[in-house]
Amino acid sequence: MNFDDKALEIPEQLPMLPVRDIVVFPYMILPLFVGREPSIKAVEDALSKNRLIFLSSQKEITEENPTPESIYEVGTIAMIMRMRKLADGRVKILIQGMAKGRIESFSQTAPNFVVKVKKIDDVPVSGNTIEVEAMIRNVKEHLEKIISLGKMLSPDILMVLDDVSDPGRLADLVASNLGLKVQEAQAILETADHKERLKRVNDLLVKELELLAMQARIRSQAKDEMTRSQKEYFLREQIRAIKSELGEQDTKTEELDELREKIESAHMPEHASKEAVKQLNRLERMHPDASEATMVRTYLDWLVDLPWSKNTQDNYDLERAQAILDEDHFDLKKIKDRILEFLAVRKLKSRMKGPILCFVGPPGVGKTSLGKSIARSMGREFVRISLGGVKDEAEIRGHRRTYVGAMPGRIVQGLKQAQTNNPIFVLDEIDKLGSDFRGDPSSAMLEVLDPEQNHAFRDHYINIDFDLSNVMFLATANVLETIPQALRDRMEIIQLAGYSEEEKLIIAKKYLVRKQMDENGVTEKSIEFKEDGLKKIIGSYTREAGLRNLEREIGSVCRKVAREVAQGSQEKFIVNAKLVEKLLGPPKYVREDDLEKNEVGVSTGLAWTQFGGEILYIEATRMKGKGALTLTGQLGDVMKESATAALSFARSHATELGIDESYFAENDIHVHLPAGAIPKDGPSAGITLATAIISLVTGVPVRKDVAMTGELTLLGKVLPIGGLKEKSLAAMRQGIKDVVIPFKNLKDLEDIPEEFRKKLNFIPVKSLNEVLAVALERPLKHIQVTGRDPGSGLGARGARSRKTRVVAGAA
């Protein structure tokens with residue numbers, strides 16, 4: 001159906017159909033889907049009359065109910081050639097543009113638009129027709145090039161254009177096929193001058209041509225830069241499609257595709273990704289039932305599961321970290337300060353090597369739980385592995401894949417468990433690493449714990465360098481002596497002393513009681529712990545430096561109360577000292593009896609054990625003989641040498657001590673340390689042994705309220721010792737106030753909390769003469785103490801009544 005627009009008679013008013021996302025040009029034939037109710041009524045109105053309808057584009061395509069202001073004034077008068085109703089209620093119409101028109105006014109807006117339209121006549125071309133002809137040829141040539149560059153246009157467009165010589169119709173035809181934006185197409189529609197309209201279309205064609213040319217260059221470059229792996233990917237996709245068509249798709253292909261996707265998403269370093277792809281290609285060529293295929297598949301699973309690029313963001317809020325550490329642990333100031341220092345440095349410098357700390361202390365003082373608190377305060381994952389009894393080097397570095405049942409070492413296993421490459425990694429019981437014919441695990445740990453090496457840690461199974469420099473390693477140990485020197489040198493040692501009874505009481509009140517009440521289902525309505533009850537549990541039912549047995553005993557009390565509550569008891573149990581003994585039975589530990597009086601040949605020493613400090617009584621007696629020295633009580637070599645040195649001092653200073661020289665020739669001396677089943681050794685009992693022996697040979701009793709620790713030389717000098725805090729707390733538990741310590745240990749008093757320092761009288765000494773002046777019941781006549789002020793409370797026995805207290809830093 002064809003119409004002549006000049007002969008077309010336009011009624012004064014026409015129904016109007018607002019169209020979205022398109023501009024209709026004259027002579028354009030296209031289908032339209034009409035779904036809005038006003039638009040359907042406009043179509044029906046046109047069909048009931050002369051089939052003419054006015055089509056105008058909306059300014060906003062998303063507007064569902066357009067208003068006269070949101071519709072362009074210039075549109076196209078069109079003929080509805082065909083109409084068909086669809087099942088979903090919409091209407092499909094086929095229309096042909098007839099002529100341009102302008103809306104003069106809106107006669108009706110409901111139920112559909114009716115407008116008064118004035119037909120727009122195009123301005124004919126005048127002047128230079130050669131320029132117009134050249135422009136027509138340019139438009140046609142540009143259109144041909146655009147089609148050659150891949151622009152999807154109607155295949156018949158070029159044949160149609162050959163028959164068109166009118167510049168206006170040519171411009172409308174090209175514009176209607178270019179897929180222009182509504183604003184661009186509307187601007188062309190509103191241009192009445194044929195020459196100007198054709199010029200605009202030509203400019204749009206040039207712009208489109210440049211875009212298509214640039215797109216073709218980019219596509220060409222991308223094709224040239226395609227890597228071998230991408231080509232292989234496309235080839236595999238084709239192979240998979242072919243196999244799918246042939247019905248040969250199998251589970252092996254699906255597994256390989258899954259592994260390939262995991263390798264790509266693991267974001268491995270280049271060297272690791274290269275090895276993974278290599279092993280995947282090997283697996284692809286293997287038969288699924290081959291034994292080696294299972295080994296390669298397991299290896300690839302380990303590779304893709306490791307956190308090569310996954311990490312957690314550290315929380316640098318120092319106040320929050322301090323609050324969490326204080327919430328979880330009492331005291332431990334040095335450790336808390338060290339963690340806060342690390343966070344502060346990390347906040348100022350994002351890239352730094354992780355510290356390697358080693359917490360050394362007796363069992364139950366909170367070494368491992370400290371690691372959990374540190375992880376919580378920093379916002380990191382927590383991983384713990386126990387090294388106690390590990391004797392095989394492969395436990396650390398992994399087995400080589402050639403062995404049946406090979407697997408990675410515990411370090412790699414821990415990283416896989418954490419799923420991040422910067423967890424808090426606790427190496428528990430590092431002092432209990434063993435070694436045998438299978439290797440030395442402590443030597444393997446040297447690489448793990450060396451910041452200069454662990455950025456390229458190589459597990460034998462993975463056989464690819466893994467960066468451990470982001471991991472914060474925390475080792476725990478009970479004693480330092482069993483850790484090899486080279487391994488100890490790589491760690492920052494932080495000592496954790498045992499808790500005093502006062503500290504245990506505070507911790508029990510703040511943490512343990514609440515924890516055990518929650519775990520055993522009892523509430524404050526049914527149980528209340530009194531201070532004397534907790535003291536009874538601490539002093540009579542536990543004997544440890546840590547808190548494990550204390551927590552068990554508190555839990556035992558809670559369980560017994562829980563049983564009563566479960567059986568219907570409404571009574572509130574007040575846990576005092578009396579009820580504790582009723583619930584837990586007779587005391588398990590009875591404090592070693594204090595000496596009833598000052599005795600000759602009996603001195604009070606202080607010893608350090610891995611469970612904390614202990615009181616040690618040393619007894620000396622004599623019998624007729626020839627000067628022999630007998631030592632009993634399972635003394636080690638160091639203590640035997642200390643006893644011999646003490647006796648030698650006494651013999652060499654017999655005259656000064658007022659001892660008859662024939663005494664040692666006519667008497668044997670027997671030194672005994674009670675609790676003979678317990679081995680004893682260490683370089684800190686020298687002055688205690690000497691005091692007991694000199695008390696014996698002089699007949700002067702030793703004061704029972706003085707405890708002492710320090711090593712002795714043959715010249716009578718007192719040497720410094722270790723474990724002063726633990727020993728001091730042991731003296732305080734026993735009720736002893738005066739503690740004799742080496743002068744050079746004054747600096748160590750800083751490690752003892754101030755509230756406990758105030759309860760003890762520390763007496764620093766430089767020589768055995770000063771020890772004897774303090775420890776013996778009365779001064780020896782021939783002993784002169786030099787360098788002392790008799791009134792200072794540090795020297796002669798007569799000054800002891802002043803109770804002068806010495807604190808750290810005092811001279």
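## A pocket, a helix and a few unusual residues

Let's begin with the second largest pocket, whose lining holds eight nonpolar, eight polar and ten charged residues. Bear in mind that this is a predicted model. About 760 Å³ of space lies in the second largest pocket. Its lining counts 26 residues, and the closest to the pocket centre are His329, Gly366, Ser369, Lys515 and Glu551. Four elements each give two or more residues to this lining: H11, H13, helix H18 (501-519) and helix H20 (548-566). H13 gives the most, with six residues.

Two of these pocket elements, H11 and H13, turn up again around helix H12. Helix H12 covers residues 333-348. From first C-alpha to last, its 16 residues reach 23 Å, close to the 22 Å expected at 1.5 Å a residue. Which residues of H12 are buried? They are Ile335, Lys336, Arg338, Ile339, Leu340, Phe342, Leu343 and Arg346. On the helical side, these buried residues pack against H11 (318-328) and H13 (367-378). They also pack against three strands, namely E7 (356-360), E12 (472-477) and E13 (492-495).

Stepping back to the whole protein, the model has 28 helices and 24 strands. Of its 811 residues, 47% count as buried. Among contacts with a separation of 6 or more, 73% are between residues 24 or more positions apart.

Leucine 283 is one residue to pick out on the way. Leucine 283 is found in helix H9, which runs over residues 270-285. Is leucine 283 buried or exposed? Leucine 283 counts as buried because its relative accessible area is 9%, under the 20% cut-off. Leucine 300 is 17 residues from leucine 283 in sequence, and their C-alpha atoms are 9.6 Å apart in space.

Now for some backbone details. Alanine 110 and proline 111 are joined by a cis peptide bond, with omega at about 0°. Proline 111 belongs to the loop between strand E5 (91-108) and strand E6 (113-120).

Positive phi values are found at asparagine 463 and at glutamine 634, and neither asparagine 463 nor glutamine 634 is a glycine. The table sets out phi and relative accessibility for these two residues.

| Residue | Phi | Relative accessibility |
|---|---|---|
| Asparagine 463 | near 60° | 39% |
| Glutamine 634 | about 55° | 43% |

Where do these two residues lie? Asparagine 463 is in the loop between strand E10 (457-458) and strand E11 (465-466). Glutamine 634 sits in the loop between strand E18 (629-632) and helix H22 (637-652). Asparagine 463 counts as partly exposed because its relative accessibility is 39%, which falls between the 20% and 50% cut-offs. Glutamine 634, with a relative accessible area of 43%, is partly exposed too.

Finally, a word on confidence. The mean pLDDT of the protein is 83, and 89% of its residues reach 70 or more. Over residues 787-811, however, the pLDDT is below 50. That stretch has 53 contacts in the model beyond near neighbours in sequence. Where pLDDT is low, the predicted coordinates should not be read in detail.

Methods:
Residues are numbered from 1 along each chain as its sequence is written. This is a predicted model: local features need pLDDT of at least 70, side-chain atom pairs count only at pLDDT 80 or more; totals for chains, interfaces and linings use all residues. Side-chain values use heavy atoms; hydrogens and water are left out. The expected span of a helix is 1.5 Å times one less than its number of residues. Buried means under 20% relative accessible area, exposed over 50%, partly exposed in between (1.4 Å probe, protein chains only). Contact means heavy atoms within 4.5 Å. On a 1 Å grid over the protein atoms alone, a cavity is a set of points where a 1.4 Å probe fits but cannot get out, and a pocket is an open set with protein on both sides within 12 Å along at least five of seven lines; lining residues have an atom within 4 Å of a point. Grid points are joined across faces, edges and corners, and a volume is the space filled by probe spheres set on the points. Ala, Val, Leu, Ile, Met, Phe, Trp, Tyr, Cys and Pro count as nonpolar, Asp, Glu, Lys and Arg as charged, and the others, Gly among them, as polar. pLDDT is the predictor's confidence in each residue, from 0 to 100.
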